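Trainee: I am new to this structure and would like to walk through it with you. Could we look at it together?

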Amino acid sequence: MSEEKLLEVCGLKMHFPIQAGFFRKVVGHIRAVDGISFFIREGETLGLVGESGCGKTTAGRCILRAYEPTEGEVLLRCNGEMVNILELSRKEMKPLRREMQIIFQDPFSSLNPRMTVMDIISEPLVINGVARGDELKAQVRELLESVGLRAQHMNRYPYAFSGGQRQRIGIARALALRPKLVVCDEPVSALDVSIQAQTLNLLEDLQQDFGLTYLFIAHDLSVVEHISDRVAVMYLGNLVELARADELYCSPLH
């Protein structure tokens with residue numbers, strides 16, 4: 001793990017408007033994320049934990065600019081410099097999208113049932129013009145094997161796979177562009193306990209092989225303890241505790 005910061009979040013806020021009446025007048029705001037700050041070093045896994053509704057998933061999506069934050073800075077290291085991605089236009093943002101990917105919580109709804117595994121994993125490669133033809137198939141085959149699936153699975157549809165296998169397909173899709181940062185949005189919470197352990201071990205192996213940095217969002221404390229280097233605790237949109245995993249689990253303050 002490097003001492004160099006890959007991501008730094010400063011004063012991040014996401015307030016959703018509450019509208020009422022015929023003219024949909026804004027009468028208040030839901031403060032889903034209310035001024036959180038933290039950083040993640042290269043090669044590190046930061047666990048982000050909290051009860052349901054505390055804003056941890058919203059924070060993850062704001063970092064990826066799936067949501068446009070109300071306020072704050074999200075600094076990502078790019079070509080040796082920290083760039084505030086919230087100030088970039090959509091055109092300027094496009095090359096940085098390759099550096100940040102997400103693994104979704106639900107392996108059933110996150111995969112298009114009308115697309116084959118080949119289409120699902122190759123889609124980011126095609127959109128970004130990375131590969132085509134035989135080279136595209138070779139890259140998809142390599143990604144499938146890296147997550148423990150067989151190359152002959154690439155022509156099947158998602159319904160033919162179990163929940164754990166579907167999540168592996170989602171992981172392969174997230175790794176297709178060789179990102180630096182992966183936001184893992186409760187990637188094992190929808191899986192059986194035995195499959196959870198296999199998926200966590202897979203994520204740890206891939207981190208070593210691909211040089212990944214994880215923001216691991218979860219509410220299962222035992223899962224976070226297993227995989228995280230440091231743990232941040234969220235409560236009602238705020239960051240209330242941040243410490244090394246061993247210190248936090250020995251003497252939690254919140």
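Mentor: Happy to; what follows is a set of questions and answers on cores, strands, a helix, salt bridges and a surface patch. This is a predicted model, in which local features need pLDDT of at least 70 and side-chain atom pairs count only at pLDDT 80 or more, while totals for chains, interfaces and linings use all residues. Residues are numbered from 1 along each chain as its sequence is written, and side-chain values use heavy atoms, with hydrogens and water left out.

Trainee: Which residues touch the most other members of the largest nonpolar core?

Mentor: A nonpolar core is a set of buried Ala, Val, Leu, Ile, Met, Phe, Trp, Tyr and Cys residues joined through side-chain atoms within 4.5 Å. Buried means under 20% relative accessible area, exposed over 50%, and partly exposed in between, with a 1.4 Å probe and protein chains only. The largest core has 45 residues, and those touching the most other members are Ile121, Ile169, Ile171, Leu206 and Phe216.

Trainee: Which residues does isoleucine 171 touch?

Mentor: Contact means heavy atoms within 4.5 Å. Leaving out residues up to four places away in sequence, isoleucine 171 touches Ile103, Val147, Thr199, Leu202, Leu203 and Leu206.

Trainee: How many residues are in the other core?

Mentor: It lies apart from the largest one, and its members include Met14, Ile40, Met100 and Ala232. The number of residues in this other core is 31.

Trainee: Which residues are buried on the two faces of strand 6?

Mentor: Helices (H or I, at least four residues) and strands (E, at least two) are DSSP runs, numbered from the N terminus. In a regular strand the side chains alternate between the two faces of the sheet. Strand 6 spans residues 100-103 and is covered on both faces, with Met100 and Ile102 buried on one side and, on the other, Gln101 and Ile103.

Trainee: Which residue of strand 7 stands opposite glutamine 101?

Mentor: Two strands pair if DSSP finds at least two bridges between them. Strand 6 pairs with strand 7 (residues 181-185) in the parallel sense over 4 bridges. Opposite glutamine 101 in strand 7 stands valine 182.

Trainee: What covers the buried residues of helix 3?

Mentor: Helix 3 runs over residues 117-127, and its buried residues are Val117, Met118, Ile120, Ile121, Ser122, Pro124 and Leu125. Their cover includes helix 4 (133-146) and helix 5 (163-175).

Trainee: How many residues apart in sequence are the parts tied together by lysine 13 and glutamate 71?

Mentor: A salt bridge is a side-chain nitrogen of Lys or Arg within 4 Å of a carboxyl oxygen of Asp or Glu. The side chains of lysine 13 and glutamate 71 form one, at 3.9 Å from N to O. Lysine 13 lies in strand 1 (residues 5-20) and glutamate 71 in strand 4 (residues 71-78), so the parts they tie together are apart in sequence by 58 residues.

Trainee: Is glutamate 44 buried or exposed?

Mentor: Glutamate 44 meets arginine 41 in a salt bridge of 3.5 Å, N to O, and Arg41, Glu44 and Arg230 are linked in a network. Arginine 41 has 18% relative accessibility and counts as buried. With a relative accessible area of 1%, glutamate 44 is buried.

Trainee: How many salt bridges are found in the whole structure?

Mentor: Another of them joins glutamate 8 and lysine 5, whose closest N and O atoms are 3.7 Å apart. A search of the whole structure gives a total of 11.
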